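Dear colleague,

I am passing this structure on to you, and below it you will find a short account of what turned up when I went through it. Please keep the structure open beside the text as you read.

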Amino acid sequence: MTTGLYVALYYIFFLLVTLVVSKWSWHGRMVQENGSKWSISLVLLVLLVFTYRDIDSKYFGDTVAYYRMYRNVCKYGFSEILDYKDYGYAILTYMCSYFRSVQAYFFIVAFLYILPVYYVFRQNYSSNYVVALLLFICSFSFFGYGTNGLRNGIATSLCIFAFYSPRIVVQVVVLVIAFYMHKSAALPILAFLLTWRYNNPKYYFWIWGVVFLLVLFGGNALVGNISNYDFFETDTRLHDYSTGFDQLEREVGFSSTGFRWDFVLYSTIPMVLGYIYVFKYKFQDIFYNRLLCTYILCNAFWLIYIYQPYNNRFAYLSWFLYPIIIAHPLLRQKNLVPNQKLKERYIILGNELFTFIMFLINQSKM
């Protein structure tokens, strides 16, 4: 089987699953009775696809770079990880090197990517967590950060786990681990901590709007000024992203410059729905407000870098919360909005169709 067909079958399968699930009520008997076996099946399929993907294929971006990292650690041992900046991920790679199997390595990485989210959804959406899980798996950025941006993927999944945890000690420990898996997780971590004190979405909407106007009319000037601060020199990768240079990204050929109206519109959908849930239908949930505010603030940060190449790295720091923001209130409350069953169907179909269409567009460029 060719790699192109391998990936296509993955996307087609989840399109078909989404079409089936979208016919059910999120709160209906079919979801409750079949949720456990469906969710476990979805997790196992994802683990299988991510574990046995083609190492050298262009479809999987940085996979080859991670393979080289793993191979070097297997060959040279602990000394090989001393220069890596993400100590948590480096230690994980070193521990996996004892298996001497790249498939075992990718399985463990994929397991750490999806398991925290699966556990959180099962604990918090006990009757309909299969819908939450399907939305997460079918989100636009899920596949890419399970096969390309592995460190980012694990770090943000751990952030989700920590955000949902009711225990402060667990939150702190897991967030520290997430930070050392990939230091870019500092942005959503700091944003979420800020919402502990300030969690009124109205002010965050204003911040996003102001940043949007500055970037729209000011072009690239804002990021140029910000990247000159000493803070950005403390981690060379952050400085490289802001100035448009990153060797790992150049190797895989990803670049996207200019004002991405498509991604801006995509990013605003959770904000629009969040506004409707909170202000129109008066959904009262402090935790949801905090997640919504975290999403808005992180997305505003991405806007600053929208003209830069490789800005997908910043976009994902908000997009990993995308399925939660659009679905949490509907998963929690059965009759929150009029004709809720129909609107739930639109959400799950829209989420999958955007992902599938972007897959087809990327295929045409291969």
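**The largest cavity**

About 50 Å³ of space lies in the largest cavity, and the structure, which is a predicted model, holds 3 cavities of 30 Å³ or more. The residues that line the largest cavity are Tyr 10, Tyr 11, Phe 14, Ile 137, Cys 138, Ser 139, Phe 142, Phe 143, Glu 352 and Thr 355. Sorted by class, this lining consists of 7 nonpolar, 2 polar and 1 charged residues. At least two lining residues come from each of helix 1 (3–21), helix 7 (142–147) and helix 19 (340–365), and helix 1 provides the largest share, with 3 residues.

**The chain as a whole**

If you step back from the cavity, you will see that the protein chain contains 19 helices and 0 strands. Of its 366 residues, 55% are buried, while the area that the protein chain exposes comes to about 16800 Å², with carbon and sulfur atoms supplying 64% of it. When contacts between residues at least 6 apart in sequence are considered, 78% of them join residues at least 24 apart.

**Aromatic pairs**

A search of the whole structure finds 51 aromatic pairs, and two of them may be worth following in the display.

In the pair formed by Phe 163 and Phe 192, the ring centres are 4.0 Å apart and the planes meet at 20 degrees, so the pair is stacked. This pair links distant parts of the chain, since Phe 163 belongs to helix 8 (residues 150–164) and Phe 192 to helix 10 (residues 186–194), 29 residues apart. Phe 163 is buried, with a relative accessible area of 2%, and Phe 192 likewise counts as buried at 2% relative accessibility.

The pair of Phe 263 and Trp 319 has its ring centres 5.3 Å apart, and because the planes stand at 80 degrees, this pair is edge-to-face. Phe 263 sits in helix 15 (residues 261–280) and Trp 319 in helix 17 (residues 312–319), so the pair ties together parts that are 56 residues apart in sequence. Both Phe 263 and Trp 319 are buried.

With kind regards

Notes. Residues are numbered from 1 along each chain as its sequence is written. This is a predicted model: local features need pLDDT of at least 70, side-chain atom pairs count only at pLDDT 80 or more; totals for chains, interfaces and linings use all residues. Side-chain values use heavy atoms; hydrogens and water are left out. Helices (H or I, at least four residues) and strands (E, at least two) are DSSP runs, numbered from the N terminus. Buried means under 20% relative accessible area, exposed over 50%, partly exposed in between (1.4 Å probe, protein chains only). Contact means heavy atoms within 4.5 Å. Accessible areas come from the Shrake-Rupley method with a 1.4 Å probe; for residues, only the protein chains shown count as cover. On a 1 Å grid over the protein atoms alone, a cavity is a set of points where a 1.4 Å probe fits but cannot get out, and a pocket is an open set with protein on both sides within 12 Å along at least five of seven lines; lining residues have an atom within 4 Å of a point. Grid points are joined across faces, edges and corners, and a volume is the space filled by probe spheres set on the points. Ala, Val, Leu, Ile, Met, Phe, Trp, Tyr, Cys and Pro count as nonpolar, Asp, Glu, Lys and Arg as charged, and the others, Gly among them, as polar. Rings of Phe, Tyr and Trp (its six-membered ring) pair if their centres lie within 6.5 Å; planes under 30 degrees apart count as stacked, over 60 as edge-to-face and the rest as tilted.
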